[in-house]
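Hi,

Here is the structure I said I would pass on. Have a look at it first, and then read my notes underneath.

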Amino acid sequence: MSYMNKMISGLLGLLVFVSCQPDDPGNRPPTGTKQTNEWIENTLREHYLWNTDIPLPAKLNYNLAPEQFFESLLSLQDGKPRGIGNPHYYYSTIEKKKVETKAIGEEDNTYGFDFEAYTVVGNENDAKGYMYGRVLFVLPNSPASQAGLKRNDWIMKINGQNITTSISLLQGNAVTLTLGEYTEKGITPLRTIQLPASRKVEHNPLHFNKVYTKGNKRIGYLVYTHFAAGPDNNKDNSYDETMKQIFADFKAKQVNEFVLDLRYNPGGLVSCAQLLTSMLAPASSLKDKFCILKDNNNKESYYSMDTKGGVNLDLKRIYILVTHHTASASEAVINGLIPYMGRDNIVLIGTQTEGKNVGSVTYGDREGYEWLLHPITFYIFNKNGQADYSDGFTPDILFNELDGMDNYVDLQEFGDENDPSLGIALQKITGTKISQSYSVIKNNSVQLIPVFSSLEHRGKGGLFISESE
């Protein structure tokens, strides 16, 4: 594989740095709006997956701000519409350079929890623009964990005021949160907590793991929240090494069934997806192809199965927990396993996944322009040349844990057998009903409309891979 192909195949749905010249002030090109936009146009005409859809130069306005100009080049094949009245969501993005690039495992200033935000219909807040945040998980050693915030907590108010923007839940000063619980009457106040000011927090994607013994079933369980090799992929791959250790423990405990939790995983590095898939797949697949990448010239490169010194569990079947947030590299794992396990032996539990079967490369990191471009540049296929999941993967067992319209269920902490999605998987594996203590509440008077997820915000930031990898 060539150096360029190796860099491109290192990332799905996220970012690879491609340099054109050293970052020498003396070699920097002009940075005026027109010159910047011409560079953006030239880059996309060469590399963009749908470059034939880019308008002719005579139809372009080179005086637009770079963000607007970049979007004016994009194809409607890029990304997805987000429903009636919502703008098209493009996978290709542009961002202004920061003084210092954020490390892969390090969040921007954050309170340290991921959440789903809902507007509430059917009570006094109806049509007033208020929202509630439901906590999906809390990062260790974060302001949120320090405050005692837990998975499934409902955040009703900030400093006694209704929440009008989800951004206020991402970062800010120290605040008082009013927490609530879901009842037949809606979400009602329960307690208050003091949340310290946001700060930088490390986000280790290997959030939780456990082995369950059920008769002759030894079931491995892994919660994986994004595909990152380490806190800084230019310096280390400590997360990958931790993953290898976890799988060595699974192997030592003779794990013969597996539940992979990708419910809140919007994607990441293809190299991490390759590693994870290689340790899960049947042993006979090793050294065969994991994925095939195809660019706008139909030029192909591929990534092979490789445990990179880790262990292989030689699984013949797997259960994967998914939601609409399961995307990109997460879907590449599902797709990459199909040729070796067969689709019938990959049991998906949850809701339809995102359907992102394309990936991007980053341009502009070492040029003198003020912008980084992340255009979609390739399709990703499995060994059999399949990439037919642009509408997402359909779950085998439909279960909407984030449903606020008809049936509400309480989420439990990761690893708790009463966490609804995990409980379903364990029940399917063992063939026996597991006692479930989570509540199911039917409420026809109050409906929750999802409007935002912090996972979308996190996914837009992208992850990075070393050029030397």
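Below is what I found, going from a sheet to the helices and cores, and then to one serine.

Keep in mind that this is a predicted model.

Let's start with the sheet. Six strands make it up, ordered 9-10-11-14-15-20, and it is open, with mixed pairing. Strand 9 (206–214) and strand 20 (397–398) are the edge strands; each has a single partner strand, so one side of each has no neighbour in the sheet. The partner of strand 9 is strand 10 (residues 217–224), and the two run antiparallel with eight bridges between them. If you want a spot to click on, Lys210 has Tyr221 of strand 10 as its bridge partner.

Which helix lies across this part of the sheet? That would be helix 5 (residues 238–252), which covers strand 9, strand 10 and strand 11 (257–261) and runs at about 5 degrees to strand 9.

Now for the cores. The largest nonpolar core has 69 residues, and the ones touching the most other members are Phe247, Phe258, Leu260 and Leu276. Helix 7 (residues 329–341) gives this core its largest share, eight residues. Another core, of 35 residues, lies apart from it and includes Tyr221, Val223, Tyr264 and Tyr319. So Tyr221, the bridge partner of Lys210, turns up in this second core. Back in the largest core, Phe247 is worth displaying with its surroundings: leaving out residues up to four places away in sequence, Phe247 touches Leu222, Phe258, Leu276, Met279, Leu280, Val311 and Leu313.

Helix 7 also packs against helix 6 (residues 270–280), at an angle of about 35 degrees and with the axes 9 Å apart. The crossing is right-handed. Helix 6 brings Ala273, Leu276, Thr277 and Leu280 to the contact, while helix 7 brings Ala329, Val333, Gly336, Leu337 and Met341. Leu276 and Leu280 from that list are also touched by Phe247.

Last, a residue in a loop: Ser92, between helix 3 (66–72) and strand 2 (93–96). Is Ser92 buried or exposed? Its relative accessible area is 4%, under the 20% cut-off, so Ser92 counts as buried. Its side chain makes a polar contact of 2.6 Å with the side chain of Asp78, and it also reaches the backbone nitrogen of Ile376 at 2.8 Å. Not counting residues up to four places away in sequence, Ser92 touches Tyr48, Phe70, Leu74, Asp78, His374, Pro375 and Ile376.

Cheers

Definitions and conventions. Residues are numbered from 1 along each chain as its sequence is written. This is a predicted model: local features need pLDDT of at least 70, side-chain atom pairs count only at pLDDT 80 or more; totals for chains, interfaces and linings use all residues. Side-chain values use heavy atoms; hydrogens and water are left out. Two strands pair if DSSP finds at least two bridges between them. Helices (H or I, at least four residues) and strands (E, at least two) are DSSP runs, numbered from the N terminus. Contact means heavy atoms within 4.5 Å. Axes are lines fitted to C-alpha atoms, for helices over the stretch in contact, and angles run from 0 to 180 degrees between N-to-C directions. A nonpolar core is a set of buried Ala, Val, Leu, Ile, Met, Phe, Trp, Tyr and Cys residues joined through side-chain atoms within 4.5 Å. Buried means under 20% relative accessible area, exposed over 50%, partly exposed in between (1.4 Å probe, protein chains only). A polar contact is a pair of N or O atoms within 3.5 Å; within protein, one must be able to donate a hydrogen and the other to accept it, and residues adjacent in sequence count only if both atoms are side-chain atoms. A crossing is left-handed if the near helix is turned anticlockwise from the far one by less than a right angle, and right-handed if clockwise.
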